[in-house]
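Here's a quick walk through a ligand site and the pocket around it. Have the structure open while you read.

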Amino acid sequence: MIISVIGLGYIGLPTASILASQGIDVFGVDINEDVVKKINNSQTHIFEPDLDKLVFDVVTKKSLIASTEYKKADVFIITVPTPFLEGNKPDTSYVKDAIDNIAPLLEKGNLIIIESTCPIGTTEAMIGRMSELRADLIFPSLRDEDIEFDISIAYCPERVLPGNILKELVSNDRIIGGFTEVCSKKAEGIYQTFIKGSCFLTDAKTAELCKLAENSYRDVNIAFANELSIISDKAGIDPWELINLANKHPRVAILQPGPGVGGHCIAVDPWFIVDSYPDESKLIKTSRDVNNSKTSFVLEKIKRTVKESSIKIKDLSITCLGLSFKPDIGDLRESPAMNVVENLQDMGFKKIFVVEPHIEKIPEELNSNIVELIDLDEAIEASELVIILVKHKSFLNISLELLDNRKVIDTVGLIKNLEG
Ligand code: SAJ
């Protein structure tokens, strides 16, 4: 059996590597030549714990081969990104491109699995697209479920947590949304080759909304925590103590406030529901707005603190602890910390020091004349103002004395841990 994984990013590369480690021949496809070259040189282009070793093993054994060209396979797994466009509209063009490239290669008995996060109805739309491109093949149909079809298709969303992808790919339960029951059974067979969790079979539409619902659930709950933190700030209450106490109730489990919600999933996926059902998704939309406004709240707080300082801004140096979108990874996608630093660049600080142990150089979006990536102690010693933006484990060793005589804005409740 040959499995082709289309899109070798955060989900595709770990999935392709795990499948290849099971002795399956995996053919990976990516439009980015540099990514393909790197993988074929047994290297990874993303940081994820233990992935480099796994990629090295499977590429050296030739179980995983990457290419920019598509080729025939028994199973095609689509793991391309679905970003959002201006106006928070989902962009499914990469999924469509993958389908258009797979269509000419399809043979009777093939299975297509879409894992990319998609708006409701995408799987059905992709069947329509393929039916036009390959009128010689029979595709599954909801109008006639008993029809014998040539190509199976299922929507099976990924649910792994960045930073723990290799473990969760194997241990998590999977939702298998076959377009028909036969499609579900075929797709289940593929996941059973490498997962230890259970497979739950449903239809494609339910699986599509299930993925969006999971991430929207988390977004709504984080929005509640962020809203409470803003209320607490106004009322002069410590939000972390408040949430800790409220969570002593047996049926309350409030999440943690932060500088906003980042990453390429929770900050994006809820819009896929809002775009399709704007009138019915008021809570989901408001939560997105609350989480986005939390970043503006943090910026306003920094501005207020600077105004109140006796030192002029041109003589002030500021340290930002953390740049990634969440703790203990170097992923900067949709990072609220990055957003804060980008905005600080225009405020006229003498220097902005960034401490981010998970990256090697300042990202291109930041102005390296103003922003400097340096070690923690050096940064804090040279600054009057410290903004804590990410609760990296390595920051849990900061000595409180180092922060003495410095104005600290803690957006993630790190100080509480230091006081321990
Ligand atoms: N965050 C908070 N407070 C919290 C928890 C998280 O502010 O209490 C913030 C984080 O700092 C980060 C953002 O939310 O900026 C998202 O982080 P996350 O750890 O909640 O989630 P992701 O984006 O890394 O991964 C999510 C996961 N979804 C759910 O937990 C429902 C993961 O299982 C999905 O596979 C992934 O999205 C995805 O690919 O969709």
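Helices here are DSSP runs of H or I with at least four residues, and strands are E runs of at least two, numbered from the N terminus. With that in hand, helix α8 (residues 204-235) gives the most to the shell around the ligand, with five residues.

A word on the ground rules: this is a predicted model, where local features need pLDDT of at least 70, side-chain atom pairs count only at pLDDT 80 or more, and totals for chains, interfaces and linings use all residues. Residues are numbered from 1 along each chain as its sequence is written, and side-chain values use heavy atoms, leaving out hydrogens and water.

So who's around the ligand? The shell holds 19 residues, with Glu158, Val160, Lys211, Arg218 and Phe325 the closest (a residue is near if one of its heavy atoms lies within 4 Å). By type, the shell splits into nine nonpolar, three polar and seven charged.

Some polar contacts (pairs of N or O atoms within 3.5 Å) to ligand oxygens:

| Residue | Protein atom | Distance to a ligand oxygen atom |
|---|---|---|
| Glu158 | polar side-chain atom | 2.6 Å |
| Asn215 | polar side-chain atom | 2.7 Å |
| Phe325 | backbone N or O atom | 2.6 Å |

The protein covers 86% of the 770 Å² of accessible area that the ligand has on its own (Shrake-Rupley, 1.4 Å probe).

Now the pocket. The ligand sits in the second largest one, meaning more than half of its atoms lie within 2 Å of the pocket's grid points. A pocket is an open set of points on a 1 Å grid, with protein on both sides within 12 Å along at least five of seven lines; lining residues have an atom within 4 Å of a point.

This pocket has a volume of about 1,100 Å³, the space filled by probe spheres set on the points. Its lining counts 41 residues, with Leu161, Arg218, Ile222, Ile266 and Lys326 nearest the centre. Here too α8 gives the most, with six residues.

Terms used
Polar contact = N/O pair within 3.5 Å; in protein donor to acceptor, adjacent residues only side chain to side chain. 1 Å grid on protein atoms, 1.4 Å probe; cavity = no way out; pocket = protein on both sides within 12 Å on 5 of 7 lines; lining within 4 Å. Nonpolar A, V, L, I, M, F, W, Y, C, P; charged D, E, K, R; others polar.
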